[in-house]
Amino acid sequence: MKILHISAECYPAAKAGGLGDVAGALPKYLRDLGAETAVIIPKYRSKWIYEQSYEPVFQGHLSIAHWTVPFAIEKCGNPTLGFPLYMVNVPRLFDRPGIYNDPQTGQGYWDDLERWLVFQQAVLQWLLHHNPYNVFHCHDHHTGLVPFMIKHCRAYRALAHIPTVFTIHNGQYHGAFHWDKTFMLPDYDRDAGGLLDWDGMINPLATGIKCCWQLTTVSAGYMEELRAGSSGGLEWLINNERAKSVGIVNGIDTDVWNPKTDPLLGTHLNVNVADWKAKAKLFITQKFHLRNDLPLIIFIGRLVGEKGADLLPNLIHRFLSEGGEAVFFILGTGEQSVSDALMRMKSRYLGVFDTALMYNEELSHRLYAGADFLLMPSRVEPCGLNQLYSLRYGTIPIVRAVGGLRDTVSDIADEKGCGIQFAAFNETEALEALYRATDLYQQAEKWANLRQHIMQIDHSWKQSAQRYLNIYQDMVSRT
Ligand code: GLC
């Protein structure tokens with residue numbers, strides 16, 4: 001069994017969010033189950049990508065509208081990845097520092113449509129020339145047209161028999177564009193045109209859903225939510241495709257996220273959890289001049305509405321101004337209004353609040369290790385990985401009960417609970433959850449036991465990788 005993941009991100013080469021982590025971890029676990037798995041992404045201009053060596057494996061060119069676009073497929077020479085990683089090199093379109101956004105302006109690239117159309121077709125041209133794979137696994141709207149193209153575009157029809165899996169990591173982004181851009185698509189069967197359409201637009205997410213053999217998303221809870229109102233107008237469609245859809249919760253890469261060996265940590269867990277956590281916390285509180293005697297509550301992630309980041313400034317302000325006893329640290333980038341509000345709070349709450357408005361992988365690992373609680377007040381959360389990293393590093397998650405958060409963080413009111421849940425997305429419920437956390441912190445024994453318990457939970461990819469493998473095998477047996 002050979003599988004190719006087609007993705008916009010893959011850690012450590014390119015990561016904007018959880019998709020990168022998934023594409024960088026699942027292949028290793030599939031390999032351990034005996035399925036050879038490769039990944040292909042665009043070749044961006046990132047430090048990691050430029051430090052590697054490459055072997056060219058294919059050169060071609062494709063036509064898009066009236067342009068001819070030359071491209072090369074290159075195999076990354078890094079031996080530590082654990083799986084073959086290929087990159088599509090299209091200098092004019094991808095040799096840029098950002099994956100989706102220009103880091104200078106924070107805005108999406110203006111030629112996104114062209115970028116993803118070229119990426120998908122370059123992959124297919126390479127596969128036409130040489131395809132050892134039994135399954136193509138596509139992720140999010142950037143690769144949503146692949147299942148359509150192999151079935152309904154003359155140029156790629158030689159691949160039509162290959163089964164496809166389409167995974168939705170984020171149902172908010174559809175990549176939709178107007179029908180007047182049809183001239184940019186490769187020639188397709190006109191009677192299949194309806195498969196491209198949703199609500200009067202060409203909608204790659206919808207097309208992926210319609211044309212794939214198997215539709216998955218990253219938790220069972222989120223699959224329900226996509227059917228009920230979280231897919232930006234695709235609810236009917238996703239309900240309609242119920243027979244081929246399933247939610248499979250993401251796992252974490254326990255080689256990368258291992259408190260005993262994580263190279264991004266200053267101190268490693270030996271035997272004594274309390275001792276290790278105390279040292280890791282001291283590193284953070286000293287570095288950022290925060291009080292060390294109070295529970296440290298962190299937020300890590302994009303400062304956007306989906307993640308509920310707009311709730312943070314008022315919530316923390318209310319908690320601290322009414323005498324709540326905790327220290328807060330926020331790491332992330334995103335909306336200007338949230339960033340500005342957080343910056344203003346820095347001077348107001350010296351010693352109990354700080355923020356680093358950046359993306360910083362190393363600091364994030366240090367924070368997971370050093371914190372007492374992780375707050376995830378998401379409006380929408382397809383799976384969420386941060387709560388899983390935090391459990392593994394003995395940091396108790398406080399989550400809004402939504403999507404994958406509800407599925408993975410049971411409340412401590414239950415016997416085997418591993419975190420604190422709140423139901424409605426509002427300040428009052430989030431505030432109550434913070435008080436439950438600080439109360440728990442006072443109960444030393446309960447607190448220590450819970451910390452031991454959550455670190456033992458197995459959230460590795462093993463089980464979920466097996467579920468994907470079962471799907472691949474089932475599809476291949478039908479060919
Ligand atoms: C997206 C989702 C996140 C999920 C990740 C990986 O980033 O927002 O919830 O964990 O994809 O599937």
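Let's start at glutamine 463. This residue sits in helix 17, which covers residues 462-477. Keep in mind that we are looking at a predicted model. Is glutamine 463 buried or exposed? Its relative accessible area is 62%, and exposed means over 50%, so glutamine 463 counts as exposed.

Now look across to asparagine 250. Along the chain, glutamine 463 and asparagine 250 are 213 residues apart. In space, their C-alpha atoms are separated by 9.5 Å. Hold on to asparagine 250, since it is one of the residues surrounding the ligand.

On to the ligand, then. Which residues surround it? From the early part of the numbering we have Gly18, Leu19 and Val22. Then come His169, Val218, Asn250 and Lys307. The list ends with the run Glu381, Pro382, Cys383, Gly384 and Leu385. By character, this shell divides into 6 nonpolar, 4 polar and 2 charged residues.

Where does the shell come from in terms of domains? Domain 1 is 2-252 + 462-477, and domain 2 is 273-454. Each of these two domains gives at least three residues to the shell.

Next, the polar contacts. Take histidine 169 to begin with. A polar atom in its side chain lies 2.6 Å from a ligand oxygen. Glutamate 381 also uses its side chain: an N or O atom there is 2.5 Å from an oxygen atom of the ligand. Cysteine 383 uses its backbone instead, with a polar atom 3.0 Å from a ligand oxygen. And how much of the ligand does the protein bury? Taken alone, the ligand exposes 300 Å², and the protein buries 93% of that.

Let's step back to the whole chain. We have 17 helices and 17 strands. The C-alpha atoms fill a box of roughly 65 × 45 × 45 Å along the principal axes. What about the radius of gyration? For 479 residues, a compact globule would come out near 23 Å; the chain has 23 Å, so the two agree. Of those 479 residues, 59% count as buried.

One last stop: proline 263. This residue is in the loop between strand 11, residues 245-247, and helix 9, residues 273-287. Its relative accessibility is 71%; the cut-off for exposed is over 50%, so proline 263 is exposed. Its partner for this talk is histidine 365, 102 residues away along the chain. The C-alpha atoms of proline 263 and histidine 365 are separated by 9.5 Å.

That's the tour. Thank you.

Definitions and conventions:
Residues numbered from 1 in each chain as written. Predicted model: local features only at pLDDT ≥ 70, side-chain atom pairs only at ≥ 80, totals over all residues. Heavy atoms only, no water. Near = heavy atom within 4 Å. Polar contact = N/O pair within 3.5 Å; in protein donor to acceptor, adjacent residues only side chain to side chain. Areas by Shrake-Rupley, 256 points an atom, 1.4 Å probe, with all protein chains shown as cover. Nonpolar A, V, L, I, M, F, W, Y, C, P; charged D, E, K, R; others polar. Domains from an automatic or database assignment. Helix = DSSP H or I, 4+ residues; strand = E, 2+ residues; numbered from the N terminus. Rg over C-alpha atoms; globule rule 2.2 N^0.38 Å. Buried < 20%, exposed > 50% of the residue type's maximum accessible area, 1.4 Å probe, protein only.
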